[in-house]
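Hello,

Here is the structure I promised to pass on to you. Please have a look at it first, and then read my notes underneath.

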Amino acid sequence: MDYKKLLDGAYQELPEKAKEKTRFKMPSFESFIQGKETIIKNFANVANDLRRDPNHLMKFLFKELATVGSFNGSRLILKGRFRDIELNKRLDYYTKTYVLCPACGKPDTQLVHQGGVLFIRCEACGARSPVPVMK
Ligand SMILES: [Zn+2]
């Protein structure tokens with residue numbers, strides 16, 4: 001029995017995803033206040049980095065901040081004045097709840113609706129965990 005060969009074989013069978021070290025940098029909003037509105041300059045980029053539907057992230061913010069708003073190109077305009085730190089606190093919460101896998105902590109996930117329940121499905125470890133549904 002060639003023990004060394006066995007070990008090599010076992011290593012090769014590891015899925016590619018498990019071997020690569022992914023370093024996920026949490027994105028953050030860049031915003032400024034203009035009159036009675038708050039403009040998030042990089043809203044579309046953040047949604048893209050998180051691989052989430054901008055509409056989902058927008059609805060989340062509206063609910064959390066109890067406000068409304070609209071898209072303007074890649075920007076999001078919010079009614080009301082919100083500080084950068086407040087917005088990014090919400091974004092961190094969103095990322096932890098709707099983006100990072102609760103089992104392995106990786107961001108390679110998708111949101112899937114199934115039987116009226118929203119799940120976060122992880123492409124890295126295969127875990128599927130229910131997440132709170134936004135009303
Ligand atoms: Zn996972």
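Below is what I found, starting with one helix and moving outwards.

Please keep in mind that this is a predicted model.

**Helix α3 and the core**

I would begin with helix α3, which spans residues 43–50 and has F43, V46 and L50 as its buried residues. These three cover an arc of only 65° around the axis, which puts them on the same side of α3. That fits the general rule: an α-helix has 3.6 residues a turn, so residues three or four places apart point the same way.

What do the buried residues of α3 pack against? Their partners are β2 (37–40), α4 (54–65), β4 (75–79) and α5 (84–98).

The same helix leads us to the largest nonpolar core, a set of 10 residues: F29, I40, F43, V46, L50, L76, L78, L87, L91 and V99. At least two residues of this core come from each of α3, β4 and α5, and α3 gives the largest share, with 3 residues. As background, nonpolar side chains tend to be buried together in soluble globular proteins.

L76 is a good residue to click on here. Leaving aside residues up to four places away in sequence, L76 touches I40, F43, M58, G69 and F71.

**Two residues with positive phi**

Right after α3 comes R51, with a positive phi near 55° although R51 is not a glycine. R51 sits in the loop between α3 and α4. Is R51 buried or exposed? It has 12 other C-beta atoms within 10 Å, and a residue counts as exposed at 12 or fewer, so R51 is exposed.

A66 is another non-glycine residue with a positive phi, in this case near 50°. You will find A66 in the loop between α4 and β3 (69–72). A66 counts as exposed too, because it has 7 C-beta neighbours inside 10 Å.

**The open sheet**

Further along, there is an open sheet of 3 strands in the order β5-β6-β7, paired antiparallel. β5 (109–114) and β7 (128–130) stand at the edges with a single partner strand each, so one side of each has no neighbour in the sheet. From one strand to the next, the twist averages 30°.

How many bridges join β6 to β7? There are 3 between β7 and β6 (residues 117–122), and the two strands run antiparallel. If you want to locate this pairing, R121 has R128 in β7 as its bridge partner.

Happy browsing, and do write back with any thoughts.

Best wishes

Conventions
Residues are numbered from 1 along each chain as its sequence is written. This is a predicted model: local features need pLDDT of at least 70, side-chain atom pairs count only at pLDDT 80 or more; totals for chains, interfaces and linings use all residues. A residue is buried if 20 or more other C-beta atoms lie within 10 Å of its own, exposed if 12 or fewer, and partly exposed in between; C-beta atoms are placed from the backbone. Helices (H or I, at least four residues) and strands (E, at least two) are DSSP runs, numbered from the N terminus. The arc is that of the directions from the helix axis to the C-beta atoms. Two residues are in contact if their C-beta atoms, placed from the backbone, lie within 7 Å. A nonpolar core is a set of buried Ala, Val, Leu, Ile, Met, Phe, Trp, Tyr and Cys residues joined through C-beta atoms within 7 Å. Two strands pair if DSSP finds at least two bridges between them. Axes are lines fitted to C-alpha atoms, for helices over the stretch in contact, and angles run from 0 to 180 degrees between N-to-C directions.
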